[in-house]
Amino acid sequence: MPHITAYTDGACSGNPGPGGWGALLIARDGGSVLKQRELSGGERDTTNNRMELLGAINALESLSRPSEITVITDSAYVKNGVTTWIHGWKRNGWRTSQKKPVKNEDLWRRLDEAQQRHQVSWEWVKGHAGHPENEKADELARAGMAPFKAKA
């Protein structure tokens with residue numbers, strides 16, 4: 001079975017403000033690239049964290065069948081949230097340890113559901129550090145934001 005790597009990112013002009021998300025999906029069999037796909041989108045009035053989440057969500061939701069996938073993000077918020085914090089939030093009825101509602105609960109629930117179909121591993125990379133695929137995901141996120149930024 002091919003392994004998929006998804007590089008995801010989000011961008012926002014102002015926070016909140018117009019924003020975009022991007023995902024670069026690469027399917028490999030061994031070292032050979034079988035297929036590459038670029039996804040992007042955006043919203044007129046959003047936050048950076050929501051766009052980071054939507055990059056990962058759309059990468060997972062775009063897969064037509066259960067897959068083995070590594071999601072690589074430069075967002076510690078997304079990586080820590082999905083690998084650590086979400087377990088406590090679910091136990092606490094989507095409340096933080098301070099008993100406050102989880103911010104972006106709608107997207108966290110959507111991400112949790114999207115990853116259930118797949119065998120997912122999560123990795124964090126430093127953003128804007130010359131990692132080519134992460135830079136491409138950033139470019140896609142900025143492209144997704146562009147139509148909304150022009151109208152802002």
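**Exercise 1. What is the order of the strands in the open sheet of five strands?**

*Solution.* The model is a predicted one, in which local features need pLDDT of at least 70, side-chain atom pairs count only at pLDDT 80 or more, and totals for chains, interfaces and linings use all residues. Residues are numbered from 1 along each chain as its sequence is written, and side-chain values use heavy atoms, leaving out hydrogens and water.

Step 1. Strands (E, at least two residues) and helices (H or I, at least four) are DSSP runs, numbered from the N terminus. Two strands pair if DSSP finds at least two bridges between them.

Step 2. The order is β3-β2-β1-β4-β5, and the pairing is mixed. At the edges stand β3 and β5, each of which pairs on one side only.

Step 3. Strand β2 (residues 17–29) runs antiparallel to β3, joined to it by twelve bridges; Trp21 stands opposite Gly41 in β3.

**Exercise 2. Determine how β4 is paired and whether β4 is enclosed or open.**

*Solution.* Step 1. Strand β1 (residues 3–12) pairs with β4 in the parallel sense over six bridges, and Ile4 stands opposite Ile69 in β4.

Step 2. The pairing of β4 with β5 is also parallel, over six bridges, with Ile69 opposite Val120 in β5.

Step 3. A residue is buried under 20% relative accessible area, exposed over 50%, and partly exposed in between (1.4 Å probe, protein chains only). Five of the six residues of β4 are buried, so the strand is largely enclosed by the rest of the structure.

**Exercise 3. Compare the span of helix α2 with its expected value, then describe its bend and its packing.**

*Solution.* Step 1. The expected span is 1.5 Å times one less than the number of residues. For the 16 residues of α2 (residues 76–91) this gives 22 Å, and the end C-alpha atoms are 22 Å apart, which agrees.

Step 2. A kink of about 60° is centred on Trp85; the bend is the angle between axes fitted to the seven residues ending there and the seven starting there.

Step 3. The buried residues of α2 are Tyr77, Val78, Gly81, Val82, Ile86, Gly88 and Trp89. They pack against α1 (48–61), β4 (68–73), α3 (105–116) and β5 (119–124), where contact means heavy atoms within 4.5 Å.

Step 4. Just after α2, Gly93 takes a positive phi of about 65°.

**Exercise 4. Is Thr46 buried or exposed?**

*Solution.* Step 1. Thr46 lies in strand β3 (residues 32–46).

Step 2. Its relative accessibility is 3%, and therefore Thr46 counts as buried.

Step 3. Not counting residues up to four places away in sequence, Thr46 touches Cys12, Asn15, Pro16, Gly17, Pro18, Gly19 and Met51.
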